[in-house]
Amino acid sequence: MNAGIEAAGFFGLLDWEKTTGLSKFWVDMITIPIFSAMAGLITNWTGVIMLFAPVRFTGFYVPGLKTIFPLLPRKVQILPTFAPGGILGFQGFIPARSEKMASLMVDNAVAKIGTAKDFFDQMDPRKISAQVALVAMPNVRSMVDSIMVAEHPRLWADMPPRAREAIYTRVEAELPAITDRAFDFIGENIDQLLDVKLMVVGYLRRRPELLKDVIYGLGAPELRFMIRSGVLGFPFGVIVALWLSLLHYSTPHGDAPAVISLPGWLYEILHFLPAWAWVLAGGAMVGVLVNIIAIKVVFEPAVPRPRYRYPWRVAKFAKRQYQAAADLGHAIGYQIVTLDVVTEQLLDGPSGDKTRAVIAHFLEAEIDRILGPLRSVTRLAIGPRHFDAIQATAGANLATEMKPWLVEDVEFSQTTAASVDRLATEKLRELPPEEFVEMLYTAIEQDAWLLYLHGGVLGAFIGALHLLIFGA
């Protein structure tokens with residue numbers, strides 16, 4: 001090699017050959033792989049960060065952006081970098097698409113675990129009923145008082161103490177049976193009262209932080225591997241360095257002939273771009289390739305394949321299905337399909353009026369039966385319209401008060417969460433590897449092209465940095 005050829009950096013102010021005593025070949029062979037490894041690590045590290053952070057949009061006002069925005073291509077407009085009113089900033093890809101990501105999670109995970117009835121059965125309607133009766137029992141008297149005082153205070157005030165006590169006693173005695181019948185009916189018709197997909201999507205859409213934590217927790221080891229795989233930039237850097245050396249030593253320098261002689265037509269092809277452009281292009285290619293390889297190794301193939309097709313044989317995430325299923329099952333049981341979430345959806349969701357009507361129906365029938373001989377007298381005293389209102393109010397009142405009673409009992413909530421956790425873990429472990437891998441892959445593939453673009457731009461920037469320091 002011609003050691004007299006200079007490898008000048010800092011725009012020609014520093015002669016690295018003279019400083020180090022090495023030829024340009026060795027300067028490039030040492031520095032380019034190191035810079036390429038740095039490019040790979042930084043690219044993959046920042047790429048993973050971009051998937052999850054920031055959770056909330058963070059940005060600033062840019063004059064004129066509001067006018068320019070409608071002119072941008074649709075693919076650019078949907079990037080999580082714009083907010084209404086000319087705000088430019090950024091939000092993590094997964095939190096920015098929380099509704100879509102939640103919908104994909106339901107379709108690829110929750111829906112494959114079971115129906116609303118499957119989840120509700122795991123929570124055991126009879127145990128919920130018994131819990132409602134247990135925690136409601138001390139409140140029966142105050143509940144009856146509030147209903148009667150609200151609907152017809154005079155009747156309740158004039159009622160003899162023994163008659164009141166009889167009503168209290170009968171309601172307390174019948175309460176477990178009332179709640180049993182109500183929850184048996186709810187359990188049989190839960191698919192009409194509870195939309196699991198609507199519940200989970202709505203819950204996660206309002207809580208992007210939770211969605212981020214669930215997805216990150218599902219694939220944390222694989223995401224860490226994606227970052228570490230950036231060191232693959234080193235061998236790619238060796239290839240880039242060899243390519244640049246071929247270009248450099250096949251070029252005549254002043255009176256010195258080329259060290260490597262090439263046919264004219266081959267010389268023209270190889271020297272189509274100047275050396276500095278090859279450095280930038282090489283950095284960009286390294287940034288893109290390390291991203292592609294990292295994603296491929298994590299997600300493909302879901303089932304073992306011959307090593308001549310896939311040197312790693314099977315995707316890292318597929319190999320970890322048993323443990324990852326337990327992690328996601330735990331998140332579903334304790335954070336997503338929980339008793340308080342289901343109860344809120346049943347009572348306050350789109351079908352909440354139907355659930356309240358069911359509870360009201362059973363309480364109306366029981367109140368009607370409990371009052372017995374007093375029923376006719378009471379109707380005459382207060383009027384049929386007011387009497388029916390008392391019965392309906394009883395159902396609505398219990399439905400409203402039931403939710404805090406249920407969820408405030410931590411031990412009971414933990415028991416139901418453990419049951420859902422077991423169901424979800426078991427079903428997720430039974431999924432075919434292709435379907436299991438798809439759960440996490442769908443969260444990343446939506447914006448994979450942005451990760452590749454990010455890698456290319458950052459790789460080109462590292463290449464420019466190398467040019468600045470070491471020259472072309």
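About 22,800 Å² of the protein is exposed, and 63% of that area is supplied by carbon and sulfur atoms. The structure is a predicted model, and its secondary structure comes to 26 helices and 5 strands. Of the 472 residues, 48% count as buried. Among contacts between residues at least 6 apart in sequence, 78% join residues that are at least 24 apart.

Part of the exposed surface can be followed in detail. A nonpolar patch is formed there by Leu22, Trp26, Ile30, Ile34, Met38, Ile42, Trp45, Ile49 and Phe234, which together have about 810 Å² of accessible area. Helix α2, which spans residues 24-52, gives the most to this nonpolar patch, with 7 residues.

One of the patch residues, Ile42, lies in helix α2 and lets the reader look from the patch towards other parts of the chain. Its relative accessible area is 32%, and because partly exposed covers the range between the buried limit of 20% and the exposed limit of 50%, Ile42 counts as partly exposed. That value also bears on the patch, because patch residues are required to have over 30% relative accessible area, and Ile42 is at 32%.

Leaving aside residues up to four places away in sequence, Ile42 touches Leu458 and Ile462. A further spatial relation links Ile42 with Val231: the two residues are 189 residues apart in sequence, while their C-alpha atoms are 9.6 Å apart in space.

Methods
Residues are numbered from 1 along each chain as its sequence is written. This is a predicted model: local features need pLDDT of at least 70, side-chain atom pairs count only at pLDDT 80 or more; totals for chains, interfaces and linings use all residues. Side-chain values use heavy atoms; hydrogens and water are left out. Patches are made of residues with over 30% relative accessible area and no salt bridge: like charges are joined within 9 Å, nonpolar side chains (Val, Leu, Ile, Met, Phe, Trp, Tyr) within 5 Å. Accessible areas come from the Shrake-Rupley method with a 1.4 Å probe; for residues, only the protein chains shown count as cover. A salt bridge is a side-chain nitrogen of Lys or Arg within 4 Å of a carboxyl oxygen of Asp or Glu. Helices (H or I, at least four residues) and strands (E, at least two) are DSSP runs, numbered from the N terminus. Buried means under 20% relative accessible area, exposed over 50%, partly exposed in between (1.4 Å probe, protein chains only). Contact means heavy atoms within 4.5 Å.
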